[in-house]
Amino acid sequence: MAKYPLEPFRIKVIETIGHTDRNERKQVLKDAGYNIFNVPSEKVYVDLLTDSGTGAMSAWQWAGLQQGDESYANCKNWIHLESVVKDITGLKYIIPTHQGRVAENLLFSTIVEEGSLVLNNNHFDTTRANVLANKGVPLDLVVDEGKSPSLDHPFKGNMNIEKLEEAIKEYGRENIPIIMLTITNNSGGGQPVSMENIQNIRKIADKYDIPFFFDACRFAENAYFIKIREEKYKNSSIKEIVNEMFSYVDGCTMSAKKDGLVNIGGFLALNDRKLADKIKEKLILIEGFLTYGGLAGRDLEAMARGLQEALNEDYLEYRIGQTKYLGDLLDEAGIPVLKPIGGHGVFIDAKTFMEHIPQKFFPGQALVTAMYFEAGIRSVEIGSFMFATKDPKTGKIVYPPMDLVRLALPRRMYTKAHLEYVSDSIIEIHKNRQQYCGLRILDSEESSLRHFFARLELVK
Ligand code: F0G
């Protein structure tokens, strides 16, 4: 039986959300071109589009906003944030950005050249797009277990170490400016990476002298999984685990909109002084001065406090337990969910759920639109609509191994009743799944970011 975790907080401020009816939502979907990103948030009841920047801040963070020091250079909130990030990561140079993708942009535009290969367990969409925008080639090397939705494995986010070494030998060390590791592995289902795997990647990085970075958005959630699933760490504190994880890397990109528990914020952190200096020049052109990076002093303070709160074990137990609760409710009702349940969201195997819809008509997007139409729930497709690409040599469409729909849970936001509403709605849709049809893209098909703006129509 699914078990709901105890919440280590009580609610002090609420935000009203309204209901819509099916007729209204039918029109909203039509107007949105069946792209859920075009749906006005006021027309959504439970918004599980993303866990990024959508969580609730604590009273301590809100109090921090009042402590904002809006001086242009070296405000006290920057000094606080820098010390917190150094304490967590042990990395030397900290470069603030307003969100994660700017950290990626600054890094990749400096180190990726035409034809460079970037290795990752799985690139997330903006990470992939940032590599491609610099004419690099993103290569995904997640372990085989990570590509099978129903297979149970404690660390499905791990990188395949043999494939990593093969890729380095095949393409040549000189063409590989960086190895990245996404913790937890978002596109692979929010699955964690083990400490052992991180250590093994470090060994390969040392052997071939290649810089090794984390895409660290969900580092605290990953650390919690290490604690509960990797025997050796069961008595370690989250802080100790996090410190050890970061001790193996040369740098990281970070979207603090996830485990920084803020609505906006991010950073790039690294040990290479020369690289940091090059990037700092770009930062001033793109984001702002070195000590605010496109953010207000108050935002820096909220981030410094959020990063500390994310290490709290009671919080993480609740956080991961809440996601598992929703996943277990669906699993117990026979809904095909990716297992084990991930950290920041429940991922539904849409290829199985909507078996009657071929990949070319986007079974995941069909489920996303059905959930909105039937229940006002917003989720996101992570599958063929997001990732299918044309092979430049053969002209054939290459489909991703999985067609998933992600129910991402904003942090500290929704209650048990909301989750039960979501699961009841999905169970109902599953009973009547044959009545839903696929979709066809009407415009922007060639764009690697089409899932954000392309319009679609129903294939009846
Ligand atoms: N890396 C990963 C693994 C991410 O999940 C994201 C964002 C980013 C980088 C970029 O960070 O949004 O601050 O620029 N993921 C969000 C999501 C958008 O919905 O999963 P950002």
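Helices here are DSSP runs of H or I with at least four residues, strands are E runs of at least two, and both are numbered from the N terminus. This is a predicted model, where local features need pLDDT of at least 70, side-chain atom pairs count only at pLDDT 80 or more, and totals for chains, interfaces and linings use all residues. Residues are numbered from 1 along each chain as its sequence is written, and side-chain values use heavy atoms, with hydrogens and water left out.

**Exercise 1.** Walk along α12 and say what happens at each end.

*Solution.* Start at the N-terminal end: Asn312 caps it, with a side-chain oxygen 2.9 Å from the backbone nitrogen of Asp314. Next, take the helix itself, residues 313-332. Buried means under 20% relative accessible area, exposed over 50%, partly exposed in between (1.4 Å probe, protein chains only). With 14 of its 20 residues buried, α12 is largely enclosed by the rest of the structure. Finally, just past α12, Gly334 has a positive phi of about 85°.

**Exercise 2.** Find which atoms of Gly100, Arg101 and Ser255 contact the ligand.

*Solution.* Look for polar contacts, meaning pairs of N or O atoms within 3.5 Å (within protein, one must be able to donate a hydrogen and the other to accept it, and residues adjacent in sequence count only if both atoms are side-chain atoms). Gly100 uses a backbone N or O atom, 2.8 Å from a ligand oxygen. Arg101 brings a polar side-chain atom to 2.6 Å from a ligand oxygen, and Ser255 also puts a polar side-chain atom 2.6 Å from one.

Methods
Expected span 1.5 Å × (residues − 1).
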